[in-house]
Amino acid sequence: MLLELRSSGLKIVFTSNVVRQTMVVETEPVATEPWRILDEILTPHGLEARNGPGGTIVIVPGASGESEQDLHSVRGFIGSKPDAAPVAGAVIRVVGLTTEVVSDENGRFTLPHSGDEPLTLEVRLKGFVVERFSEIVLSPGPPTEVTVLLDPAPILEEEVVVTPSRVSLLRDTPLARLNLNRQEILSLPHLGGDLFRA
């Protein structure tokens with residue numbers, strides 16, 4: 001059914017960890033609009049559709065029940081790009097405060113907060129780029145919902161530059177010694193001899 005809705009124009013993104021093969025649509029949806037059909041088929045399986053980046057629709061696990069302590073909080077889903085697979089162990093914290101929580105095995109988290117001022121959330125996990133979301137306004141009523149898709153951190157390969165050492169091979173060349181005996185000196189041309197020898 002999800003593939004049919006995708007072919008109708010909805011940019012639906014999901015992973016087999018969330019939408020399992022055992023999940024079957026048992027009753028024909030009553031709604032006619034694609035968005036309403038999507039809600040109708042997901043709700044029985046505890047799933048929800050959230051707005052993702054670039055006009056995509058991300059299928060995430062739904063929240064099970066709401067308690068009073070959740071009424072002033074941020075609740076959401078942490079996934080990885082490009083398939084929106086749930087990410088467990090991501091640390092979500094409020095910038096400027098010590099409040100932080102960790103996403104569960106389904107990528108879900110609930111961050112309680114009692115104030116009304118806008119929040120800035122920071123999401124960290126080794127192997128992923130740190131994400132920050134500012135101006136999250138908490139409104140009275142149900143928890144504020146957010147969906148965060150993390151980019152894998154680029155792998156930087158260390159560059160090693162090898163240069164040969166420069167060893168000077170220049171040496172002081174010893175001067176060749178020249179020894180002349182008396183006969184050799186007398187046989188050399190000089191001004192005192194004849195004209196041609198000079």
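Visitor: Which strands does helix H2 lie across, and at about what angle does it run to S2?
Guide: In this predicted model, helix H2 covers residues 34-42. It lies across S1, S2 and S3. Its direction makes an angle with that of S2 of about 145°.

Visitor: Which residues of H2 are buried?
Guide: A residue counts as buried when its relative accessible area is under 20%. In H2 the residues that meet this are Ile-37, Leu-38, Ile-41 and Leu-42. They cover an arc of only 125° around the axis, so they sit on the same side of H2. What covers these buried residues includes S1, S2 and S3, and also helix H1 (2-7). The buried residues asked for are therefore Ile-37, Leu-38, Ile-41 and Leu-42.

Visitor: In what order do the three strands of the open sheet with mixed pairing stand, and which of them are at the edges?
Guide: The order of this open sheet is S1-S3-S2, and its pairing is mixed. Two of its strands have a single partner strand each, so one side of each is left without a neighbour in the sheet. These edge strands are S1 (12-13) and S2 (47-51).

Visitor: Which residue stands opposite Asn-51?
Guide: S2 and strand S3 (residues 57-61) run antiparallel and are joined by five bridges. Opposite Asn-51, in S3, stands Ile-57.

Visitor: What is the order of the open sheet of four strands, and by how many degrees are neighbouring strands turned on average?
Guide: The order is S7-S6-S9-S10, with antiparallel pairing. Strand S7 (100-102) and strand S10 (131-136) each have a single partner strand, so they stand at the edges with one side left without a neighbour in the sheet. With direction ignored, neighbouring strands of this sheet are turned against each other on average by 20°.

Visitor: Which residue in S10 stands opposite Leu-121?
Guide: Strand S9 (residues 119-124) runs antiparallel to S10, and four bridges join the two. In S10, the residue opposite Leu-121 is Phe-133.

Visitor: Is Glu-131 buried or exposed?
Guide: Glu-131 lies in strand S10. Leaving out residues up to four places away in sequence, Glu-131 touches Leu-121, Glu-122, Val-123, Val-148, Leu-149, Leu-150 and Asp-151. The limit for burial is a relative accessible area under 20%. Glu-131 has 17%, so it is buried.

Visitor: How many Å apart in space are Glu-131 and Leu-150?
Guide: In sequence, Glu-131 and Leu-150 are 19 residues apart. From C-alpha to C-alpha, the distance between them is 7.1 Å.

Visitor: How many of the seven residues of strand S11 are buried?
Guide: Strand S11 covers residues 144-150. Strand S4 (residues 73-80) pairs with S11 in the parallel sense, over seven bridges. Among these pairs, the bridge partner of Arg-75 in S11 is Glu-145. S11 is largely enclosed by the rest of the structure, because the buried residues number five of the seven.

Visitor: Where is the cis peptide bond that has an omega of about 0°?
Guide: One of the residues it joins, Pro-82, has its place in the loop between S4 and S5. The bond, with omega at about 0°, joins Lys-81 and Pro-82.

Visitor: What is the relative accessibility of Ala-84?
Guide: Ala-84 is found in the loop between S4 and S5. It has a positive phi of about 60°, although it is not a glycine. Ala-84 counts as buried, because its relative accessibility is 2%.

Visitor: What percentage of the 198 residues count as buried?
Guide: The protein has three helices and 11 strands. It exposes about 14200 Å², of which carbon and sulfur atoms supply 54%. Of its 198 residues, the buried part is 31%.

Visitor: Over which residues is the pLDDT below 50?
Guide: The mean pLDDT of the protein is 76, and 79% of its residues reach 70 or more. Among the elements, strand S5 (residues 85-86) has the highest mean pLDDT, 90, and helix H3 (residues 182-187) the lowest, 76. Where pLDDT is low, the predicted coordinates should not be read in detail. The stretch with pLDDT below 50, which has 10 contacts in the model beyond near neighbours in sequence, is residues 65-71.

Technical notes. Residues numbered from 1 in each chain as written. Predicted model: local features only at pLDDT ≥ 70, side-chain atom pairs only at ≥ 80, totals over all residues. Heavy atoms only, no water. Pairing = 2+ DSSP bridges. Axes fitted to C-alpha atoms, helices over the stretch in contact; angles between N-to-C directions. Buried < 20%, exposed > 50% of the residue type's maximum accessible area, 1.4 Å probe, protein only. Contact = heavy atoms within 4.5 Å. pLDDT = per-residue confidence, 0-100. Areas by Shrake-Rupley, 256 points an atom, 1.4 Å probe, with all protein chains shown as cover. Arc of directions from axis to C-beta.
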